[in-house]
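Please open the structure in your viewer and keep the sequence panel visible. The tour proceeds by selection, with a short explanation at each stop.

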Amino acid sequence: MANKALNVTAQRVTQRLALSALALLLTAGVAQAQTQTLEVSNARLSLLPGNTPGAGYFELYNTGDEAVTLVGAKSPAFDSVEIHVSSEHDGMAHMHELTSIEIASGERFEFAPKGHHLMFMRRVEPLNIGDDVDVVLEFSDEQQLPVTFNVVSPASM
Ligand SMILES: [Cu+2]
């Protein structure tokens with residue numbers, strides 16, 4: 001009797017382990033699939049002299065079957081990074097912060113001068129033209145996409 005009870009317990013533990021292993025495999029599979037559905041190109045960071053904010057431009061191509069939502073970005077080289085969009089009213093340039101941008105399946109979303117951009121606030125250390133800056137793009141499904149931005153002069157825009 002006691003032996004049988006032990007066997008049942010052992011079996012349950014085995015099942016639980018198998019389920020955990022399966023869950024891990026599924027999670028890893030999903031994470032990998034998501035990373036492969038986003039392509040970033042032409043990532044550049046336009047930097048003015050002094051400690052003014054830098055503007056990040058790039059193209060984000062969603063090759064996946066589902067929409068993705070960009071909710072933020074971070075970089076060890078800056079205190080904070082915001083998503084901004086520029087607009088013009090009565091000949092005056094303005095910009096404001098966005099909390100998210102949805103990129104549809106198959107869409108190539110361009111962050112470009114006079115439009116959407118990442119605003120890099122407060123440099124942690126000096127940066128020069130030609131430097132590489134590590135940035136992580138953050139999505140609503142908790143996906144984190146590392147991107148290297150190349151520091152360029154605003155004159156090259
Ligand atoms: Cu801005």
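In which strand is the place of Asp-79? Select Asp-79 and you will find it in strand β4, which covers residues 78–89. Please bear in mind throughout that this is a predicted model.

**The whole chain**

Before going further, display the entire chain. It has 1 helix and 10 strands. Followed along the sequence, the pattern is α-β-β-β-β-β-β-β-β-β-β. Of the 157 residues in the chain, 17% are buried. Next, consider the contacts between residues at least 6 apart in sequence: 68% of them join residues at least 24 apart.

**Asp-79 and its surroundings**

Return to Asp-79. Is this residue buried or exposed? Asp-79 is exposed, because only residues with 12 or fewer other C-beta atoms within 10 Å are counted as exposed, and Asp-79 has 11. Now add Met-121, Arg-122 and Val-124 to the selection; Asp-79 is in contact with these residues, when its neighbours within four places in sequence are left aside. For Arg-122, display the distance between C-alpha atoms: it is 5.4 Å to Asp-79, although the two residues are 43 apart in sequence.

**The hairpin of β4 and β5**

Select strand β5, residues 92–98, together with β4. The strands β4 and β5 run antiparallel and are joined by 7 bridges. One pair to highlight is His-84 and Glu-97, since Glu-97 in β5 stands opposite His-84. The two strands form a hairpin with 2 residues between them. Select Asp-90 in the turn, where phi is positive, at about 50 degrees. How many of the 7 residues of strand β5 are buried? The number is 0, so strand β5 lies largely in the open.

**Strand β3 and its partners**

Move to strand β3, residues 68–74, and show strand β6, residues 101–103, beside it; these strands pair in the antiparallel sense over 3 bridges. Highlight Val-68, whose bridge partner in β6 is Ile-103. Then select β9, which pairs with β3 in the antiparallel sense over 4 bridges. Here Lys-74 has Val-136 in β9 as its bridge partner. As you inspect these strands, recall that side chains in a regular strand alternate between the two faces of the sheet.

**A loop residue**

Finally, select Pro-126, in the loop between β8 (116–123) and β9 (132–139). Pro-126 is exposed, with 8 other C-beta atoms within 10 Å. Add Asn-51 to the selection: its C-alpha atom is separated from that of Pro-126 by 8.8 Å, while the two residues are 75 apart along the chain.

Key: Residues numbered from 1 in each chain as written. Predicted model: local features only at pLDDT ≥ 70, side-chain atom pairs only at ≥ 80, totals over all residues. Buried ≥ 20, exposed ≤ 12 C-beta atoms within 10 Å, placed from the backbone. Contact = placed C-beta atoms within 7 Å. Pairing = 2+ DSSP bridges.
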